[in-house]
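Here's a friendly walk through a protein model, with a look at its charged pairs, its rings and one helix. Take a look at the structure first.

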Amino acid sequence: MKRNKLWCLLMALGVILPLTTCMLQSTPVTPMPTSTAAPPFTNTLPPTDTARPPAPTFIPPIRMQIFRELVAVQGSGVWYTDACEEIARRWGITVDAVKAIDVEGIEKGWLMPTPQATPTPGPPTATPVPTLTIEEQLAQGLHAPWAAQDWEEVIRLVKQILAINPDYDDMVQKLYAAHVNYGRQFAAEGNLAEARWEFIRALEVKPDGGEAVVELWILAGRTPGPLIVPTALPIPLTPTQVLPVMTVALPQAQVVRVIDGDTIEVSIGGKTYRVRYIGIDTPEIGEWMGPEAAAKNKELVGGKVVGLEKDVSETDRYRRLLRYVWVGNLMVNAELVRLGCAQVSTYPPDVKYVDLFLQLQREARQAGRMCGLLPTPPPPTQPSPSFCDCSGDIYNCSHFSTHAEAQACYEYCKSLGRGDIHRLDGDNDGIACESLL
């Protein structure tokens, strides 16, 4: 009897449950009421005739995101003002609010990587890309304004980087270069007063900046008034690297021999040329201060690759190339005058830097610089050769039986201040009667 009752119960359930399922599936579902949430956020600015609502007070993570987006947009080459306007449109806030968040982000270092908690053991994950520091972000933003020669923007960005990290990369040198280039830009436009101030600012950044000193000297010759740079400020002997410094690329040559203080031999394309410095003259090897001038010239250019700048003339009467010689950004002609190793000696039409040379010569004489020597020459110490008379142009190389005799007479007359009175040194290299060698 119990078995029959259980069987009837199971049969009943087998019929009732499918019917119940069908009823549930056929019953229409009542739609849920729609949400009354706020409309989605849009970037549409409010009408101009209505007052802009106050800038929202975002929680710190949102302000940090706004700051990082601003730095990212600026790092892509967009100017700072345009970047602020773009972020303001993107977040629906004012430009002043964006700038305030920018200041807060710089002060709090929001671009620094956030310390992460120790990860729990689990499956390996991809290595996260390191977050750029704010200095790196701003440094990336330098490329576009530098290429466009927007020196005002370059100076602003570099000062921001130095305010965060004074030792970052070579930003001090870049700031100096930007001021020099900005001054040259003003000078090219004829705004000499602004050019002067930019060169002064460059010297405030780097007091031994040779380019700024030379530019101020040039300005002093073009504008009224005394030179504003202290005379004690030197031009460095080592060239200062700055991009860009030379407006044109100079022909390069390898120095193979230093003949004296104002003449060298160089190799160009496998061929040797003799180069005479334009605008200056140094004593000969046998004259007082001649060895010192030659030694200083060798110190400046010996064995180096130099740039050769032409003025008007190609060669002199001895077929020597007439050039201004540059080692990096240092003009050797000007440096020899500044040190008192050379005096100004110009021959038109090659007078491009005559004003600069005269200014350097005046300062060298006022400071008593004589290439490291006393201001008065010592009396000649070598005895008079019995065969040499320096009273006039008497001899030529055929009058001497050996080169030693010709050289001794040549040097003796020079020691008396008569120079090469017999014209025994035709190529002016300090060696007499080379045909007797």
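Is E309 buried or exposed? At 7% relative accessibility, E309 counts as buried, where buried means under 20% relative accessible area, exposed over 50% and partly exposed in between, with a 1.4 Å probe and protein chains only.

Before going on, a word on the model: it is predicted, so local features need pLDDT of at least 70 and side-chain atom pairs count only at pLDDT 80 or more, while totals for chains, interfaces and linings use all residues. Residues are numbered from 1 along each chain as its sequence is written, and side-chain values use heavy atoms, with hydrogens and water left out.

**Charged pairs**

Side chains of opposite charge can pair when their charged atoms come close. Here a salt bridge is a side-chain nitrogen of Lys or Arg within 4 Å of a carboxyl oxygen of Asp or Glu. That rule gives 15 salt bridges, including these:

| Pair | N to O distance |
|---|---|
| R201 and E198 | 2.9 Å |
| K352 and E309 | 2.5 Å |
| R320 and D316 | 2.8 Å |

K352 and E309 link distant parts of the chain, 43 residues apart: K352 is in the loop between β8 (343-344) and α13 (354-367), and E309 is in strand β5 (residues 305-309). (Helices, H or I with at least four residues, and strands, E with at least two, are DSSP runs numbered from the N terminus.) K352 is partly exposed, at 49%.

R201 and E198 sit in helix α9 (residues 192-205), and because they are 3 residues apart there, about one helical turn separates them. R201 is partly exposed at 32%, whereas E198 is buried at 6%. In the third pair, R320 is buried at 6% and D316 is buried at 18%.

**Rings**

Rings of Phe, Tyr and Trp (its six-membered ring) pair if their centres lie within 6.5 Å; planes under 30 degrees apart are stacked, over 60 edge-to-face, and the rest tilted. The structure has 6 aromatic pairs. One of them, Y353 with F357, is tilted, at 6.4 Å centre to centre and 40 degrees between the planes. Y353 is buried at 14%, and so is F357 at 1%. Y324 joins Y353 and F357 in one aromatic cluster.

**One helix**

Which residues of α11 are buried? They are G290, A293, A294, K296, N297, L300 and V301. Down the axis of α11 they fall within an arc of 160 degrees, so they line one face of the helix; the arc is that of the directions from the helix axis to the C-beta atoms.
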